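Student: Could you take me through one part of this model up close? I'd like to look at a strand in the middle of things, along with its neighbours and whatever else helps to place it.

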Amino acid sequence: MEPLNIGIMQIEVYNKEESPLHQIVKKLIYRKILDLEPYNFNYIYEGSNGLGKKIYGNFSNTYDADKQYSYYNESKRKEIRENMKWGDVETNTIIEYIHNDRDNQDQEYTYTSFGQGKRADTYIPLKPYKDKIFMEYSFYLDGLKIIPDITLMDYNGKPETVIEILYTSLPKAEKLIKYIESNLNVIFVFANKAILNLSTDMACRRSYFRFPIREAWLKDTPIKEKISRAVNILLEKKLEDDEYITSKTICKNTQYDPNNKWKKDRMDIGLKFKTNKEEKERDISHDMILMKETSCLIRLLRFMKKHTQENKMIIPEFKTDRRYER
């Protein structure tokens, strides 16, 4: 395949609104999506539910009749992948296969040496994005003005997917709640965690489509799961690079006591969570005692409790301690 054209990136310095690192990560992800092509996601394994046979035909077998690795078949498969175009029957078949598996992938973390956390092709609809991707695109979401770092449009020119690049600050509660209640696919990337892999990944054309996504949800991900992942974003600084939260429990703050004059003015709500690296539940009640009701974390936890009470639904990943009632 012919190499992609070299692109020029312009970065502003001394910009109080956006750091150079934030700009670089945003523009690298923007360019990666803008240049998206079938070759980035059409690598199909032989055993993918018969999909390999549909795509590669007689060249789908990894081994020849003598049970020796077939370099000829491999070269033919690569040739087929390199020549796929948008709109081809084979390309549409692969997109349908990936789309049908999105709900399963939405529930998984796939930590690898690339550290993507969650798969890009799960949350970004696979299609050409010429004239359908924008940086700093402004629109209103249920009355609130939203300016995501990157916005991807559907075929009707309406926002479909938004990407937020996080570095020096986190989203406010109002914005997170609007995202949670919307019909948008939402992706969060931490700039300092993504820059190394993105910068090396963008050196040449790749046979995969990925970038380091820390948290994300689909438009039809259950709302309680969306809230849970939004809370994960706020707890990011308490985690190691390859650590992620496996369960959370809203509880009565262990540092709060309405009958104690020294403790009665403390925040009454607390949070415990477990991660993939420790079996014991971590209690962060002490870190929350001086938080105000306007705190983003407190507002999301209140929002979670309200939603749970209104819908009478509990999921294992995020539950409420029934001993705590406000």
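Tutor: Let's start with the inventory: this predicted model has eleven helices and eleven strands. The C-alpha atoms take up a box of roughly 80 × 50 × 35 Å along the principal axes. Of the 326 residues, 46% count as buried. If you look at contacts with a separation of 6 or more, 62% of them are between residues 24 or more positions apart. On the outside, the protein exposes about 18,100 Å², and carbon and sulfur atoms supply 48% of that.

Now for the close look, and I'd pick β5, residues 159-166. This strand is mostly covered, with six of its eight residues buried. β5 pairs with β4 (residues 150-153) through four bridges, and that pair runs antiparallel. To find your place there, look for Met153, which stands opposite Pro159 of β5. The two strands make a hairpin with five residues between them, and in it Gly157 takes a positive phi near 80°.

Then turn to β6, residues 185-190. Six bridges join β5 to β6, and here the strands run parallel. A handy marker for this pairing is Ile163, which sits opposite Ile187 in β6. So β5 has an antiparallel partner in β4 and a parallel one in β6. While you're following the side chains, keep in mind that in a regular strand they alternate between the two faces of the sheet.

Away from β5, the cysteines are worth a stop. How many disulfides does the structure hold? Zero. Cys251, for one, is in no disulfide: the nearest cysteine sulfur belongs to Cys296 and is 18 Å away. That rules out a bond for Cys251 here, because a disulfide needs the two sulfur atoms within 2.5 Å. Is Cys251 buried or exposed? Cys251 counts as buried, because its relative accessibility is 2% and the cut-off for buried is under 20%. Cys204 has a relative accessible area of 43%, so that cysteine is partly exposed.

For a last stop, go to the surface. Tyr63, Tyr69 and Tyr71 form a nonpolar patch there, and together they have about 400 Å² of accessible area. You'll find Tyr63 in the loop between α2 (51-56) and α3 (71-82).

Methods:
Residues numbered from 1 in each chain as written. Predicted model: local features only at pLDDT ≥ 70, side-chain atom pairs only at ≥ 80, totals over all residues. Heavy atoms only, no water. Patch = residues over 30% accessible without salt bridge, like charges linked within 9 Å, V, L, I, M, F, W, Y side chains within 5 Å. Areas by Shrake-Rupley, 256 points an atom, 1.4 Å probe, with all protein chains shown as cover. Salt bridge = Lys/Arg side-chain N within 4 Å of Asp/Glu carboxyl O. Buried < 20%, exposed > 50% of the residue type's maximum accessible area, 1.4 Å probe, protein only. Contact = heavy atoms within 4.5 Å. Pairing = 2+ DSSP bridges.
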